[in-house]
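Visitor: I'm new here and would like to learn how to read a structure. Could you walk me through it?

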Amino acid sequence: MLKELRSIYIDGYKCFSKGNYVGLEDIKQLNVLIGRNNSGKSSLLDLLSFAVDVNEFFNNKFSFQQLIIGFELTGEVIKRVFKSNTAGGSILGNHYTFGEGFIGKLFHLELIIEQQSYSGRKSFTGRYTAFKNEEFPIRQKEHWDRLANTIASQLSSILVLRLGAERNIVPEAEDKKQVLLSNGDGATNIINNFINLSTLDSKLVEQKLLTSLNEIIYPDAVFTDIVVQQVEYGENLYKWEIFLEEEGEKGRIPLSKSGSGLKTIILVLIQFLLMPVIHKKDPSEIIFALEELENNLHPSLQRSLFSFIYNWAIENKTTVFLTTHSHIPINMFSGLENASIVHLRNIDNNIVPKVTLNYQDSTSILQDLDVKASDLLQSNGIIWVEGPTDRMYINKWIEIFSNGKLKEGVQYQVVYYGGRLLSHFSAETEQEQGDLINLLLTNRNSAILIDSDKRSRNTPINNTKKRIKQEFEGIGTLAWITKGKEIENYIPQSAIESLYDKRINTEFTSYMNIKDYLEKLKRGTGISYERNKVAFAKKIMPFLTKEDLERTLDLKQKVKELISIINKWNN
């Protein structure tokens with residue numbers, strides 16, 4: 001049910017003006033809501049609860065005009081409404097044949113509450129709305145209303161778990177209720193119950209939660225044990241407290257004496273790993289709404305936590321919403337198929353959410369967050385490359401040879417320098433460089449990838465590239481000058497054959513121009529490559545295998561060197 005939920009719109013709620021439908025338009029597995037204070041991020045999260053919780057909707061039904069759900073139609077839903085043994089009426093011919101044509105379409109329904117007069121029982125009712133339903137003609141309204149009711153009746157199977165921006169984990173008096181509030185109240189008792197109650201699996205805390213915590217927080221700390229003990233709070237008053245055992249001399253530390261960043265990470269892990277068990281729900285039936293996790297977290301820890309959340313959401317087929325003032329998720333999640341970044345802006349005194357798609361959108365986010373270009377200093381390290389396709393290839397190689405452990409935006413960042421501008425740059429640390437721009441002033445952890453532009457084995461490397469290589473190696477980092485002509489010469493011929501599904505007799509050599517090679521392969525192909533190198537890179541990526549890349553020039557050696565350097569940047 002959850003995976004078919006695509007959008008939620010509201011009319012006239014809090015900071016969203018009446019007569020102007022706003023909401024969550026492109027719901028994916030990870031959804032990042034970014035904007036200034038009071039821009040409506042938390043209000044958008046309210047919509048999630050209204051859409052799946054009858055009581056939340058009922059208690060707030062007078063605070064907005066209308067709530068509309070966008071749902072991707074499935075064969076199962078269609079079969080329940082359009083019967084294969086029925087024909088006629090407003091539908092010409094067989095009803096199921098008619099309904100089958102709408103599988104995969106996005107259907108919008110207005111959500112309302114129905115309350116039984118004799119019992120007071122409340123339930124969701126859905127009805128057809130003209131809002132964005134151009135493909136669903138009004139003449140079949142009776143069928144669309146039944147379809148809306150069928151969908152609405154299933155919404156209550158979805159659970160929303162929320163973690164607020166103001167949160168804490170504190171010692172607590174014993175309580176078996178196993179309820180976690182959005183401010184963190186109940187967290188200590190939940191950990192205590194999992195460790196000590198025979199009805200719950202203690203390994204979820206002692207092994208799974210602890211392992212995940214170390215995965216996120218390493219190398220800042222390594223915890224070897226998590227326990228809950230009673231501590232004295234005045235005369236004859238005892239409360240339960242969480243303790244973490246740390247490697248080294250620190251020993252056992254009470255969580256109340258630890259930083260709020262550590263508590264935030266533990267609260268996230270409680271939500272993900274323990275609350276589904278308590279609610280007896282699969283994570284695929286849960287929406288996790290997490291607010292401002294970056295509070296009191298160093299940028300490197302933010303990257304680790306956000307990366308963990310994204311991977312967990314994908315692996316568990318769940319849906320996560322993050323509200324944030326941090327710029328870090330922009331680089332981490334922009335362009336990912338399973339992630340959506342929504343920017344909330346104030347336009348003419350109306351709050352407008354917009355899904356970010358391009359450079360200008362991202363720039364406007366950075367302006368709203370007051371992010372400066374100098375914030376690249378906070379990256380763990382920078383790999384300098386000539387242009388967009390270089391970034392794509394280098395990320396793919398790092399992914400393959402690190403077995404997916406290293407990711408851009410988490411352990412490193414890729415930045416373009418533009419090949420023709422290389423002569424204006426330097427990595428010299430000791431001498432006055434005059435008009436040259438020192439790349440190390442952007443980030444002290446840097447490596448660089450440079451096309452050799454050699455046309456044959458005996459073609460010399462130009463003086464600028466020699467100078468840059470010498471300067472980077474002088475500070476103990478990597479200046480990788482391609483062994484072939486350019487980065488595309490690392491593409492194995494087998495990958496090109498797989499892309500075009502044909503055997504190629506002419507060898508793709510180290511110093512060959514790839515445009516000319518593709519043009520000889522098939523007329524127009526080289527020209528098409530030249531016009532859109534990014535499109536070609538996207539198409540060839542799936543055919544790049546570790547086995548083939550290991551046999552290609554010096555690629556394996558250089559990528560391993562680069563991975564080693566990235567690991568040093570990340571301790």
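Visitor: What should the 15 residues of helix α7 span at 1.5 Å a residue?

Guide: First, some housekeeping: this is a predicted model, where local features need pLDDT of at least 70, side-chain atom pairs count only at pLDDT 80 or more, and totals for chains, interfaces and linings use all residues. Residues are numbered from 1 along each chain as its sequence is written, and side-chain values use heavy atoms, leaving out hydrogens and water. Helices (H or I, at least four residues) and strands (E, at least two) are DSSP runs, numbered from the N terminus. The expected span of a helix is 1.5 Å times one less than its number of residues. For α7, residues 203–217, that gives 21 Å, and the end C-alpha atoms are 20 Å apart, which agrees.

Visitor: Where does α7 bend?

Guide: A bend is the angle between axes fitted to the seven residues ending at a residue and the seven starting there. In α7 the bend is about 30°, at Leu 209.

Visitor: Which residues of α7 are buried?

Guide: Buried means under 20% relative accessible area, exposed over 50%, and partly exposed in between (1.4 Å probe, protein chains only). The buried ones in α7 include Leu 204, Leu 209, Asn 214 and Ile 217. Contact means heavy atoms within 4.5 Å. The buried residues of α7 pack against α6, β10, β11, α8 and α9.

Visitor: Is Asn 192 buried or exposed?

Guide: Asn 192, in helix α6, has a relative accessible area of 4%, so it counts as buried. Beyond its neighbours within four places in sequence, Asn 192 is in contact with Leu 197, Val 228 and Trp 240.

Visitor: What is the relative accessible area of Ile 112?

Guide: It is 22%, so Ile 112 is partly exposed. Ile 112 belongs to strand β7. Leaving out residues up to four places away in sequence, Ile 112 touches Phe 57, Ser 123, Phe 124, Thr 125 and Arg 127.

Visitor: How do I describe two helices together?

Guide: Two packed helices are described by the angle between their axes and the distance between the axes. Axes are lines fitted to C-alpha atoms, for helices over the stretch in contact, with angles from 0 to 180 degrees between N-to-C directions. The axes of α14 and α17 come within 10 Å and cross at roughly 95°. Angles under 35 degrees count as roughly parallel, over 145 as roughly antiparallel, 65 to 115 as roughly perpendicular and the rest as oblique. So α14 and α17 are roughly perpendicular to each other.
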